[in-house]
Amino acid sequence: MIKQNEKKVGAVLVQGAGIAGVQAALDLANSGLKVYLLEQSPVIGGMMARLDKTFPTGDCATCMVSPKLVECARNLNVEILTLSELTDVTGEPGNFKATVRRKPRYVDEAKCTGCGVCTQVCPVKYQIYQEPEVKPVIELAPDDRQKTDCILEQYRDTQGALMPVLKGINNQFGYLPEDVLRYVSVKMNVPVSLIYRIATFYNAFSLTPRGRHTISVCAGTTCYVRGADKLLDRLKGRLKVDIGQTTVDRRFTLETVRCLGCCSLAPVISVDGEIYGNLRGNDVLGVLEAYE
Ligand code: FES
């Protein structure tokens with residue numbers, strides 16, 4: 001145990017660079033110790049970096065772990081040793097000597113800037129998707145086809161253009177229609193499964209038609225304790241939809257968000273980004289009327 005104001009000497013070795021190891025390394029490094037963070041796989045972040053969402057809050061796992069990984073990589077007190085194994089430890093508490101075996105990485109880590117060019121020219125391809133021998137022909141309505149072609153043309157020479165293409169389609173159609181996604185898959189030579197993986201991960205994308213106005217009810221803690229659930233019930237009753245659904249006349253889509261960033265006005269809703277706070281009783285129905 002290191003007491004406050006005690007001079008820090010020596011170094012610490014943290015074995016395993018999952019979220020716990022990374023946090024331990026950061027805490028130790030920030031207390032002034034030199035830290036060796038050992039990880040046997042090629043990357044740090046562990047299992048959490050591979051998760052989509054976390055239970056029970058449904059928060060994005062990557063959003064939580066990524067800042068810590070960046071902080072770890074930038075902290076001058078942390079030396080990350082990936083592809084490394086601890087083979088021997090000798091000594092006694094306070095004076096250990098560790099022996100580490102490192103596997104070759106074939107990249108000069110001191111020079112690597114993470115630009116990704118090496119992956120583009122790598123002669124070894126890991127094929128995770130077998131293209132169908134005969135590509136399906138996707139028939140789109142002429143108007144839809146023209147809009148989609150226009151978006152695809154915009155990003156024709158852009159590397160990793162799938163995200164902006166999907167964003168463009170979502171903006172153009174108000175959601176991501178299935179036949180358009182299949183058309184994009186053929187045109188961009190990207191597996192449909194990958195497109196759906198992205199489309200279902202981000203809340204900004206919708207696979208069902210959305211209303212002209214989006215009502216977002218804040219379900220954050222402050223709004224919840226100030227009665228956001230009652231607002232939600234009123235809206236559901238008035239619009240006759242559940243969370244995530246769109247009214248039959250395609251006028252409103254009802255959804256919840258975790259915090260709209262104006263907790264002092266709780267309970268809060270936003271309609272198309274416009275904030276309405278301090279809503280009591282039937283106030284929320286008055287807000288709706290302005291859009292009806
Ligand atoms: S909790 Fe609702 S705005 Fe923050």
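Start by selecting Y106: this residue is exposed, with a relative accessible area of 77%. You'll find Y106 in the loop between β7 and α3 (117-121). Check its backbone while you're there, since phi of Y106 is near 65°, a positive value in a residue other than glycine. Keep in mind throughout that you're looking at a predicted model.

**Zoom out: the whole chain**

Now show everything as a cartoon. The chain carries 10 helices and 11 strands. Colour it by domain: domain 1 covers 11-102, domain 2 covers 142-201 and domain 3 covers 213-289. If you put a marker at the centre of domain 2 and another at the centre of domain 3, using C-alpha atoms, they sit 30 Å apart.

How does the radius of gyration of the chain stand against that of a compact globule of 292 residues? The chain has 26 Å, whereas the globule would be near 19 Å. Line the C-alpha trace up along its principal axes and it spans about 75 × 55 × 25 Å.

Switch on the surface for a moment. The accessible surface of the chain comes to about 19000 Å², and carbon and sulfur atoms own 54% of that. Buried residues make up 30% of the 292 in the chain. As for contacts with a separation of 6 or more, 56% of them are between residues 24 or more positions apart.

**Domain 1: the parallel sheet**

Select 11-15, 34-38 and 78-81. Those are β1, β2 and β5. Together they form an open sheet of 3 strands, ordered β1-β2-β5, with parallel pairing. β1 and β5 are the edge strands, each pairing on one side only. Look down the sheet and you'll see a twist that averages 20° from one strand to the next.

Next, pick out the β2 and β5 pair, which is held in the parallel sense over 4 bridges. Label Y36 and you can find E79 of β5 standing opposite. Then add helix α1, residues 19-30, which packs on this sheet and touches β1, β2 and β5. The direction of α1 makes about 170° with that of β2.

**A loop and a hairpin**

Follow the chain out of β5 to L83, in the loop between β5 and β6. Is L83 buried or exposed? L83 is buried, with a relative accessible area of 15%. Like the residue that opened the tour, L83 has a backbone worth a look: phi is near 50°, a positive value in a residue other than glycine.

Keep going and select 84-102. Here β6 (84-92) and β7 (95-102) pair in the antiparallel sense over 8 bridges. One of the positions to label is T90, which stands opposite K97 in β7. At the turn, 2 residues lie between the strands of the hairpin, and G94 takes a positive phi near 95°.

**Domain 2: around L152**

Move to helix α4, residues 142-154, and select L152 within it. With a relative accessible area of 13%, L152 counts as buried because that falls under the 20% cut-off. What does L152 touch, leaving out residues up to four places away in sequence? Show V165, Y183, V184, K187 and M188 as sticks: these are its contacts. Draw a distance from L152 to V184 as well; these residues are 32 apart along the chain, yet their C-alpha atoms are separated by 7.9 Å.

**Domain 3: the mixed sheet**

Last stop. Select the 4 strands of the open sheet ordered β9-β8-β10-β11, where the pairing is mixed. β9 (252-257) and β11 (274-276) stand at the edges with a single partner strand each, so one side of each has no neighbour in the sheet. The twist averages 25° from one strand to the next.

Zoom in on β10 (269-271), which pairs with β11 in the antiparallel sense over 3 bridges. Label V271 and look across to E274 in β11, which stands opposite. Now bring in helix α9, residues 228-239: it lies across β8 (213-218), β9 and β10, and runs at about 150° to β8.

Finish in the loop between β9 and β10, where you'll find P267. Display the backbone atoms of A266 and P267: a cis peptide bond joins them, with omega about -5°.

Conventions:
Residues numbered from 1 in each chain as written. Predicted model: local features only at pLDDT ≥ 70, side-chain atom pairs only at ≥ 80, totals over all residues. Heavy atoms only, no water. Domains from an automatic or database assignment. Buried < 20%, exposed > 50% of the residue type's maximum accessible area, 1.4 Å probe, protein only. Contact = heavy atoms within 4.5 Å. Pairing = 2+ DSSP bridges. Axes fitted to C-alpha atoms, helices over the stretch in contact; angles between N-to-C directions. Rg over C-alpha atoms; globule rule 2.2 N^0.38 Å. Areas by Shrake-Rupley, 256 points an atom, 1.4 Å probe, with all protein chains shown as cover.
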